[in-house]
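Here are a few exercises to work through with the structure open beside you. Try each task before reading its solution.

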Amino acid sequence: MTPYEMLDLGQSSYSISAAYVSIFIALLSAYLVAAYVVASRLSKAQFLLANSLYLVIQTLTIFTIYNFNSSARFWGNLGRSNMPVSSESANITYIPETVALVLIVTMLLSVWFMWKSWNPKAE
């Protein structure tokens, strides 16, 4: 495989990762709208089911995004290392981990918002 094909494979992995990020955002938006509109009317069983499904689906989505970003980093680094004139200007060492961390924190904050909407404190 030529270095250019490796770089193209890395770029394709980043593109797929971006598509999954849009899926993550769509699920997050739907969940937040549901939390805002109907959370206070949910029974405990409905609340637990909604949160369980959301957490499982979003966790799998984050895992997929992380895997595609890691694959992109691997193929990009391998492709650049095999280039005749290697450009090391792009530092993508921590991108998959950082993206995964931001998405996990976002997911947990959305569950916290659902909890606050479902169980408002009486003032």
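**Exercise 1: the nonpolar core**

Task: In this predicted model, find how many residues the largest nonpolar core has and which of them have the most contacts inside it.

Solution: The largest nonpolar core has 15 residues. Those with the most contacts inside it are Phe24, Tyr31, Tyr54, Ile62, Leu103, Met107 and Met114. Next, sort by element: α1 (3–38), α2 (44–81) and α3 (95–118) each give two or more residues to this core. The top contributor is α3, with 6 residues. Finally, pick out Met114 and skip residues up to four places away in sequence: Met114 then touches Tyr31, Ala35, Ala39, Phe47 and Asn51.

**Exercise 2: a pair between helices**

Task: Classify the ring pair of Tyr31 and Tyr54, then say which helices the two residues lie in.

Solution: Start with the whole structure, where a search finds 6 aromatic pairs. For Tyr31 and Tyr54, the ring centres are 3.6 Å apart and the planes meet at 10°. Planes under 30 degrees apart count as stacked, so this pair is stacked. Tyr31 belongs to helix α1 and Tyr54 to helix α2, so the pair ties together parts 23 residues apart in sequence. Now check burial: Tyr31 is buried, at 7% relative accessible area, and Tyr54 is buried at 7% as well.

**Exercise 3: another geometry**

Task: Is the pair of Phe74 and Trp75 stacked or edge-to-face?

Solution: The ring centres of Phe74 and Trp75 lie 5.1 Å apart, with planes at 75°, so the pair is edge-to-face. Phe74 is partly exposed at 48% relative accessibility, and Trp75 is partly exposed at 22%. To finish, look for the cluster in which ring pairs link Phe47, Trp115 and Trp118.

Key:
Residues are numbered from 1 along each chain as its sequence is written. This is a predicted model: local features need pLDDT of at least 70, side-chain atom pairs count only at pLDDT 80 or more; totals for chains, interfaces and linings use all residues. Side-chain values use heavy atoms; hydrogens and water are left out. A nonpolar core is a set of buried Ala, Val, Leu, Ile, Met, Phe, Trp, Tyr and Cys residues joined through side-chain atoms within 4.5 Å. Buried means under 20% relative accessible area, exposed over 50%, partly exposed in between (1.4 Å probe, protein chains only). Helices (H or I, at least four residues) and strands (E, at least two) are DSSP runs, numbered from the N terminus. Contact means heavy atoms within 4.5 Å. Rings of Phe, Tyr and Trp (its six-membered ring) pair if their centres lie within 6.5 Å; planes under 30 degrees apart count as stacked, over 60 as edge-to-face and the rest as tilted.
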